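Q: I would like a close look at one part of this protein, taken slowly and with its surroundings described.

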Amino acid sequence: MRYIQSIVLLIVVCCTGVSAQSLSGLGIKGGINYSRLSESGTMQGKTDFITQYMLGAYSEIELFNFLFLRYELFYAVRGTSRAIASSARQNNGDQTDWSFTTTRNISLIEPVLLAHFPVHTAGQFRFHVFTGASLGVLVSASSTIDGFYDNEPYYETRNDRSSYLPLDPGLLIGAGIDYRFTTVQITADVRYVHGLMNIWDRGEQYAPTILLQENESNEDGIPRMHSRTISLILGFGI
């Protein structure tokens, strides 16, 4: 909770200061999320990144030659893919082979506050680095499980919204470029978002339903999942 309180306070304080300044830019943004959930306490397996998307808008405030702020609001989809398998599970004395791939999708409304520091400016071109905070608000979450159990195909879908925390606070770092034409500014940036909290924080064990029914419960402990996201974003401002 301390992480959430600190980030909320930062956003409130900065946005209060922003309201006293005049906006120097408004625009829209969109891009791709290359994301995964770092897992522990779940069944042993291989976790991979998946590609999703984000769309939103931003406002910009010039404070000094060496600092400007951007407030962004996105609808962002993140997720992960995790493969688990076993060829030596004992079920009533018999060997049972199984293999499952779980794809998770998490949709968020994500306000972001960033402090940008210009590194190089030449004419209409500007290169900058930035850091800041985000506070993802959970909208929906689902899982799709596809695989085989004892040589039979298996498919399952789940609504996981109740299993995740309603908030996913994160810290950001990144770099970007801006190019201003006469009336339009084009922006592009790459950023990394490091989730601060265990978002699977309901004390529930996770496994495909068929494994739980066969008493193949998770023996690794309480699952923990932290979001890790790399984003590529383009924007058009006025």
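Which residue forms a salt bridge with Glu-39, and how far apart are the closest N and O atoms?

A: In this predicted model, the partner of Glu-39 is Arg-82, and the closest N and O atoms of the salt bridge are 3.2 Å apart. The two residues come from distant parts of the chain, Glu-39 lying in strand 1 and Arg-82 in strand 4, with their positions 43 residues apart in the numbering. Glu-39 counts as buried because its relative accessible area is 14%, which falls under the 20% cut-off. Arg-82 is likewise assigned to the buried class, since its relative accessible area is 9%.

The surroundings of this pair include an enclosed space. A search of the whole structure finds three cavities of 30 Å³ or more, and the largest cavity has a volume of about 60 Å³. Both Glu-39 and Arg-82 belong to the lining of that cavity, together with Thr-42, Met-43, Ile-84, Thr-102, Arg-104, Tyr-206 and Ala-207. Strand 4 and strand 5 are the elements that give two or more residues to this lining. By class, the lining is a mixture of four nonpolar, two polar and three charged residues.

The Glu-39 and Arg-82 pair can be set beside other salt bridges, of which the structure holds 14 in total. One of them joins Lys-29 to Asp-189, with the closest N and O atoms 3.4 Å apart. This pair also links distant parts of the chain, with Lys-29 in strand 1 (residues 25-40) and Asp-189 in strand 9 (residues 185-195), 160 residues apart. Lys-29 counts as buried because its relative accessibility is 4%, and Asp-189 is buried as well, with a relative accessible area of 6%.

Another salt bridge is formed where the side chains of Arg-126 and Asp-178 meet, at 2.9 Å from N to O. Arg-126 lies in strand 6 and Asp-178 in strand 8, so this pair ties together parts that are 52 residues apart in sequence. Arg-126 is buried at 13% relative accessibility, and Asp-178 is buried with a relative accessible area of 3%. These two residues do not stand alone, for Glu-60, Glu-62, Arg-70, Arg-126 and Asp-178 are linked in a network of salt bridges.

Two members of that network, Glu-62 and Arg-126, also appear at the largest pocket, which has a volume of about 180 Å³. Of the 15 residues that line this pocket, the closest to its centre are Glu-62, Thr-121, Arg-126, Arg-180 and Gln-185. Strand 3, strand 5, strand 6 and strand 8 (167-180) each supply at least two residues of the pocket lining, which divides into four nonpolar, six polar and five charged residues.

The surface offers a nonpolar counterpart to these charged pairs. A nonpolar patch of about 560 Å² is made by Tyr-53, Leu-55, Leu-73, Tyr-75, Ile-109, Val-137 and Val-139. Strand 3 (50-64), strand 4 (67-91) and strand 6 (125-149) each supply at least two of the patch residues, so that strand 4, where Arg-82 lies, also takes part in this patch. Ile-109 lies in strand 5 (residues 94-122), and Ile-109 is partly exposed, with a relative accessible area of 35%.

Key:
Residues are numbered from 1 along each chain as its sequence is written. This is a predicted model: local features need pLDDT of at least 70, side-chain atom pairs count only at pLDDT 80 or more; totals for chains, interfaces and linings use all residues. Side-chain values use heavy atoms; hydrogens and water are left out. Patches are made of residues with over 30% relative accessible area and no salt bridge: like charges are joined within 9 Å, nonpolar side chains (Val, Leu, Ile, Met, Phe, Trp, Tyr) within 5 Å. Accessible areas come from the Shrake-Rupley method with a 1.4 Å probe; for residues, only the protein chains shown count as cover. A salt bridge is a side-chain nitrogen of Lys or Arg within 4 Å of a carboxyl oxygen of Asp or Glu. Helices (H or I, at least four residues) and strands (E, at least two) are DSSP runs, numbered from the N terminus. Buried means under 20% relative accessible area, exposed over 50%, partly exposed in between (1.4 Å probe, protein chains only). On a 1 Å grid over the protein atoms alone, a cavity is a set of points where a 1.4 Å probe fits but cannot get out, and a pocket is an open set with protein on both sides within 12 Å along at least five of seven lines; lining residues have an atom within 4 Å of a point. Grid points are joined across faces, edges and corners, and a volume is the space filled by probe spheres set on the points. Ala, Val, Leu, Ile, Met, Phe, Trp, Tyr, Cys and Pro count as nonpolar, Asp, Glu, Lys and Arg as charged, and the others, Gly among them, as polar.
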